[in-house]
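Reader: I am new to this structure and would be grateful for a close look at one part of it. Please examine the sheet and the contacts and charged pairs associated with its strands.

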Amino acid sequence: VIVRIVMVIMMMDWVRMNRGTNDDENYPDDFLLTIYDNIQQKEFETGKDHTHHVSEIRKQIVGSGCPPMLNAQRRFLQQCEVFQVNDMNKRHIRKHRRTLFLFNDIMLVTKPVAVGKYEFRKVFTLLNSQAIAFNTHNYKYGVCLQHEMSGETYCCNCDSEGDRTRLINRISEAIQELQELERERISDLSMKNKKTNSVESDLVTSDSPGDLLTSKALSSSAHDLHVIINDEVDVHRNATTNHMETDPTKRSSKDSTLFVF
């Protein structure tokens, strides 16, 4: 359900709203009233963006297999009528008429079936592709689109040299733009990975708060244990010395030295 909100602005409100908008000065009332009357006769409308054009093209395409067309980055570039070439060295008695819809990232190959209706036949990805012109005895204005990674190709023949030149130039510009965007994406991803690896390396090489706490606890425990041992040794030494002083019969030169292990 689409709800349209209509706000009615009275004439004097319009004049009041625009007070001080001319470099802190007021526009003449006659000027503002003329604008008000023009807007009343024909209201402001937002322009149609590139996604609207793509959506309208999708409505003309019938048949199964057509990929999702709505994409915020997708722009329509050109529509071109060509003949499909299945074999460059063989002239086909029955010509395969095709309509190409070229976008900035893909090319749709369709077959005209009615006025304003096209049957989907093929989608070709432009990234990592190249457009090559070819001439044979049978096809004077040939264009071959080849994907460098998959090896997939699509060949067609234009109606004139001008049509072929425009098609190849548009395809080449779109491919170049995609390659630049892909390089930027890879560069950004590489920078993010470097930052992530740097943070992980710092965490590994530096003592964590838990390690520092454990180290301090161990040092404190060792210190306390050392104090306890020394206290026990002193108590034992004092007790032995007092016992020897109270029992003269147990004194000897051999007992004059106390060994503590």
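Author: The account below begins with the whole chain and then turns to the sheet and to individual residues.

The model is predicted, and its confidence should be stated at the outset. The mean pLDDT of the protein is 78, and 70% of its residues reach 70 or more. Over residues 212-219, however, the pLDDT is below 50, and this stretch has one contact in the model beyond near neighbours in sequence. Residues 225-229 also have a pLDDT below 50, with zero contacts beyond near neighbours in sequence.

The protein has five helices and eight strands. Along the sequence these elements follow the pattern α-α-α-β-β-β-β-β-β-β-β-α-α. Of the 261 residues in the protein, 21% are buried. The protein exposes about 19200 Å², of which carbon and sulfur atoms supply 54%. Among contacts between residues at least 6 apart in sequence, 44% join residues at least 24 apart.

The sheet itself is open and contains eight strands, in the order β1-β5-β4-β3-β2-β8-β7-β6, with mixed pairing. Strands β1 (61-62) and β6 (129-134) stand at its edges; each has a single partner strand, so one side of each is left without a neighbour in the sheet. Elsewhere in the sheet, strand β2 (residues 76-84) pairs with strand β8 (residues 153-157) in the antiparallel sense, over two bridges. Phe83 has Asn157, in β8, as its bridge partner.

Within the edge strand β6 one finds Ser129. Ser129 is buried, since its relative accessible area is 3%, and buried means under 20%. Leaving aside residues up to four places away in sequence, Ser129 touches Phe124, Gln146, His147, Glu148 and Ile175.

The charged pairs come next. Side chains of opposite charge can pair when their charged atoms come close. The structure holds eleven salt bridges, and two that involve strand residues deserve attention here.

One of them joins Arg97 to Asp159, with the closest N and O atoms 3.1 Å apart. This pair links distant parts of the chain: Arg97 belongs to strand β3 (residues 96-103), whereas Asp159 lies in the loop between β8 and α4 (161-205), 62 residues apart. Arg97 counts as partly exposed, at 29% relative accessibility. Asp159 likewise counts as partly exposed, at 39% relative accessibility.

Another salt bridge is formed by the side chains of Lys122 and Glu152, at 2.5 Å from N to O. Lys122 is part of strand β5 (residues 117-125) and Glu152 is in the loop between β7 (142-147) and β8, so this pair ties together parts that are 30 residues apart in sequence. Lys122 is partly exposed, with a relative accessible area of 24%, and Glu152 is partly exposed as well, at 31%.

A pair within a helix may be set beside these. Glu56 forms a salt bridge with Lys59, their closest N and O atoms being 3.3 Å apart. Because Glu56 and Lys59 are three residues apart in helix α3 (residues 50-60), about one helical turn separates them. Glu56 is partly exposed, with a relative accessible area of 30%, while Lys59 is exposed, with a value of 54%.

To return to the sheet, its two edges are formed by β1 and β6, and β6 is the strand in which the buried Ser129 is placed.

Conventions
Residues numbered from 1 in each chain as written. Predicted model: local features only at pLDDT ≥ 70, side-chain atom pairs only at ≥ 80, totals over all residues. Heavy atoms only, no water. pLDDT = per-residue confidence, 0-100. Contact = heavy atoms within 4.5 Å. Pairing = 2+ DSSP bridges. Helix = DSSP H or I, 4+ residues; strand = E, 2+ residues; numbered from the N terminus. Salt bridge = Lys/Arg side-chain N within 4 Å of Asp/Glu carboxyl O. Buried < 20%, exposed > 50% of the residue type's maximum accessible area, 1.4 Å probe, protein only. Areas by Shrake-Rupley, 256 points an atom, 1.4 Å probe, with all protein chains shown as cover.
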